[in-house]
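The following exercises each consist of a task and a solution worked step by step. Please consult the sequence and coordinates shown here while reading.

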Amino acid sequence: MSVEHGEGFIRVLPRDAHGFAVGLHEPGGNIVVFFDGWHEEFEHAEEALDCFAMGLSDGARLKVVSRGGFDCSWTLETRQGAEWARYSTTGLLFFPFWQRKMTRYLQNHVIRGP
């Protein structure tokens with residue numbers, strides 16, 4: 001695991017190709033948490049830190065949709081018992097929609113759930 005940081009941001013890089021980068025950025029005002037291409041803005045630091053930690057845990061995973069090898073959609077899913085539930089999706093407006101669709105799942109295991 002590698003960590004990058006600077007003024008107002010921190011990013012934890014994935015351990016392997018099956019994980020995703022988890023970051024937190026405060027551009028002045030609200031706090032943005034991002035997992036690769038997925039992101040969400042928070043007003044309260046506690047909520048942002050909880051989301052940041054969730055991204056490092058095995059209780060969350062990222063569904064990444066690619067078209068023609070180009071990542072275009074990221075869906076955060078959270079574990080609800082034995083099932084995975086969709087939390088939210090971030091997607092690009094312009095992408096090669098005519099290319100073949102491929103889906104992969106990424107998950108970090110820095111923090112283990114019960």
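**Exercise 1: The surroundings of Thr 78**

Leaving aside neighbours within four places in sequence, Thr 78 is in contact with Met 54, Gly 59, Ala 60, Glu 83, Trp 84, Ala 85 and Tyr 87, where contact means heavy atoms within 4.5 Å. The model is a predicted one: local features need pLDDT of at least 70 and side-chain atom pairs count only at pLDDT 80 or more, whereas totals for chains, interfaces and linings use all residues. Residues are numbered from 1 along each chain as its sequence is written, and side-chain values use heavy atoms, with hydrogens and water left out.

Task. Determine in which strand Thr 78 lies, and state whether Thr 78 counts as buried or exposed.

Solution.
1. Thr 78 belongs to strand 7, residues 70-80. Strands (E, at least two residues) and helices (H or I, at least four) are DSSP runs numbered from the N terminus.
2. Thr 78 counts as buried because its relative accessibility is 11%. Buried means under 20% relative accessible area, exposed over 50%, and partly exposed in between, with a 1.4 Å probe and protein chains only.
3. The side chain of Thr 78 also makes a polar contact with the side chain of Gln 80, at 3.0 Å. Such a contact is a pair of N or O atoms within 3.5 Å; within protein, one must be able to donate a hydrogen and the other to accept it, and residues adjacent in sequence count only if both atoms are side-chain atoms.

**Exercise 2: Salt bridges**

Task. State how many salt bridges a search of the whole structure finds, and locate the residues that form them.

Solution.
1. The search of the whole structure finds two salt bridges. The criterion is a side-chain nitrogen of Lys or Arg within 4 Å of a carboxyl oxygen of Asp or Glu.
2. One salt bridge joins the side chains of Glu 77 and Arg 61 (2.6 Å, N to O). Glu 77 lies in strand 7 and Arg 61 in strand 6 (residues 60-67), so this pair ties together parts that are 16 residues apart in sequence. Both Glu 77 and Arg 61 are buried.
3. Another salt bridge is formed by the side chains of Arg 104 and Asp 71 (3.0 Å, N to O). Because Arg 104 lies in strand 9 (residues 101-106) and Asp 71 in strand 7, the pair ties together parts that are 33 residues apart in sequence.
4. Arg 104 is partly exposed, at 35% relative accessibility, and Asp 71 is partly exposed, at 26%.

**Exercise 3: The sheet**

Task. Establish in which order the four strands form the open sheet, and which strands stand at its edges.

Solution.
1. The order is 8-7-6-9, with antiparallel pairing. Two strands pair if DSSP finds at least two bridges between them.
2. Strand 8 (83-91) and strand 9 stand at the edges; each has a single partner strand, so one side of each is left without a neighbour in the sheet.
3. Strand 6 pairs with strand 7 over eight bridges and with strand 9 over six bridges.
4. Ser 66 stands opposite Asp 71 in strand 7, while Val 64 stands opposite Arg 104 in strand 9.
5. Two residues separate strand 6 and strand 7 in a hairpin, and Gly 68 in the turn has a positive phi of about 60°.
6. Strand 6 is mostly covered, with six of its eight residues buried.
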